[in-house]
Amino acid sequence: MEFKGFTTRLVHADRLINQPQDGAVHQATSNSVLFEYQRVEDLVDVFQGRNNGHAYSRQSSASINALQNMLSQLEGGVGALTFATGMAAITTTMLALFKQGDHLIFSQFLFGNTNSFAHTLRGLGIDVTLVDTTNLANVEAAIQPNTRAVYLETIANPVTQVPDLKGIGKLCEKHGLLYLVDNTMTPANLFDAKSVKASMLVGSLTKYIAGHGHVLGGAVVDTGLFDWQTFPNINESYKSQPAHMWGLLQVKKKGLRDMGGCLTPDSAHLISIGMETLALRMDKICKNALTLATYLASHAKVEKVYYPGLSDHPQHHLAGDLFAQYGGILSLDLKEGTDCFAFLNDLKLVLNATHLGDTRTLAIPVAHTIYFEMGAEQRAKAGISDNMIRLSVGIEDIDDIIADFEQALDKL
Ligand SMILES: *Cc1c(COP(=O)(O)O)cnc(C)c1O
């Protein structure tokens, strides 16, 4: 019997997919770095790919495989790899798959550190064009003969733009481009990445998936939709494996193994605990976010609220088609002349903190912090005003959240 519901599949995944011993419902966590073989021939077989056993835990272990299997199953993928952080997942995947002379198309609305990494790629001779991905024509116009991939986020940070995910998926399919989607903002319970033809999902496990602000992690999932036989950068030695595994195999060997940004078994354990309640938390978070966004949008001291769930958001209908709910991130501009630092200092419940996807509601002035290094010109291009505050809405009771904003707005 096949179980369809997201949380049903999730809470039984470890038991059913990974089949831990002795009736355990969880795969045991082992911190062993090394794996011993009685017969040296078996160790040799592991090294030469004839045996799926483990040799050294930077490359694989049962604890890590268990989480990877669950993540892959939730997305309907052909496999997954986990990393120490979301940034390790993103950078390792790109460095393993792209090389000097390649051209990539990135959304101009990206997580600040990923945007910063685009400069690193350029320094390595990998050309990156940043485009406004809410308009399909911009992506199409940027395609060159050496373009290998399009990279974007499902809901951008902090202005909450939603790209034309379906249109770009079709475009990538038509041109044989790898379609890399950072779905940190919209995990599998909100967004079916295969429906937009995403090739690979990359992103952070630190945020909504783990959810409690006590562990870092990242992942890449191959959806199985990309034909790796058309990709020119696959190392010949991996082509003896089935073609649908080539991309992930190269990321595993050239990336995870050689660059070493692996997740620890203890972190995988914490992530898998947090993950079981993903849909419950996300549901409360999205409902809270919509109520809070609606409240703030009608407040006299608020100039503008950016949230895909509001009917005046430029991609409101698109977001409604793509996502089960509108996510937990919203941003606001206070009215001209108000002091956003004073406002933030007056919040009692809401934390002044970077990070998102937490159980607690968090606030941060973005131009002065996470987008400071980007510079004023780039910020203007990304639609980030100097007074903008980003909120990551938590699971607290909504009346308490609203009461906190109300008392701080009253003091302005
Ligand atoms: C936080 C974040 C990342 C990076 O994840 P870390 O686990 O913090 O390294 C990448 N992409 C998006 C959209 C994020 O919000």
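**The ligand and the pockets of a predicted model**

Student: Which residues come nearest the ligand?

Tutor: This is a predicted model, and in it 13 residues stand around the ligand. Those that come nearest to the ligand are Gly86, Asp182, Ser204, Thr206 and Lys207.

Student: What distance separates a polar side-chain atom of Ser204 from an oxygen atom of the ligand?

Tutor: Ligand oxygen atoms have polar partners in the protein: one is 2.8 Å from a polar backbone atom of Gly86, and one is 2.8 Å from an N or O atom in the side chain of Lys207. For Ser204, the pair is made by a polar side-chain atom and an oxygen atom of the ligand, and the distance is 2.7 Å.

Student: How much of the area that the ligand exposes when taken alone does the protein bury?

Tutor: The starting point is the ligand taken alone, which exposes 390 Å². Of that area, the share buried by the protein is 93%.

Student: Which helix gives the largest share of the shell around the ligand?

Tutor: By class, the shell around the ligand is made of 4 nonpolar, 6 polar and 3 charged residues. The largest share of this shell is 3 residues, and these come from the helix that covers residues 86-97, namely helix H4.

Student: In which pocket does the ligand sit?

Tutor: The largest pocket has a volume of about 1100 Å³, whereas the second largest pocket has a volume of about 250 Å³. Of the 17 residues that line the second largest pocket, Gly86, Met87, Phe111, Ser204 and Lys207 are the closest to its centre. Gly86, Ser204 and Lys207 are also among the residues that come nearest the ligand, and the ligand sits in the second largest pocket.

Student: What gives the most to the lining of the second largest pocket?

Tutor: The lining of the second largest pocket divides into 6 nonpolar, 8 polar and 3 charged residues. Two elements, H4 and strand S6 (200-204), each supply at least two residues of this lining. With 3 residues, the element that gives the most is H4.

Student: Which helix gives the most to the lining of the largest pocket?

Tutor: The largest pocket is lined by 30 residues, with Asn52, Gln241, Leu249, Lys252 and Lys253 nearest its centre, and by class this lining holds 11 nonpolar, 16 polar and 3 charged residues. Helix H2 (40-47), helix H3 (62-75), strand S1 (79-83) and helix H8 (246-259) each supply at least two residues of the lining. The helix that gives the most, with 5 residues, is H8.

Key
Residues are numbered from 1 along each chain as its sequence is written. This is a predicted model: local features need pLDDT of at least 70, side-chain atom pairs count only at pLDDT 80 or more; totals for chains, interfaces and linings use all residues. Side-chain values use heavy atoms; hydrogens and water are left out. A residue is near a molecule or strand if one of its heavy atoms lies within 4 Å of it. A polar contact is a pair of N or O atoms within 3.5 Å; within protein, one must be able to donate a hydrogen and the other to accept it, and residues adjacent in sequence count only if both atoms are side-chain atoms. Accessible areas come from the Shrake-Rupley method with a 1.4 Å probe; for residues, only the protein chains shown count as cover. On a 1 Å grid over the protein atoms alone, a cavity is a set of points where a 1.4 Å probe fits but cannot get out, and a pocket is an open set with protein on both sides within 12 Å along at least five of seven lines; lining residues have an atom within 4 Å of a point. A molecule sits in a cavity or pocket if more than half of its atoms lie within 2 Å of its grid points. Helices (H or I, at least four residues) and strands (E, at least two) are DSSP runs, numbered from the N terminus. Ala, Val, Leu, Ile, Met, Phe, Trp, Tyr, Cys and Pro count as nonpolar, Asp, Glu, Lys and Arg as charged, and the others, Gly among them, as polar. Grid points are joined across faces, edges and corners, and a volume is the space filled by probe spheres set on the points.
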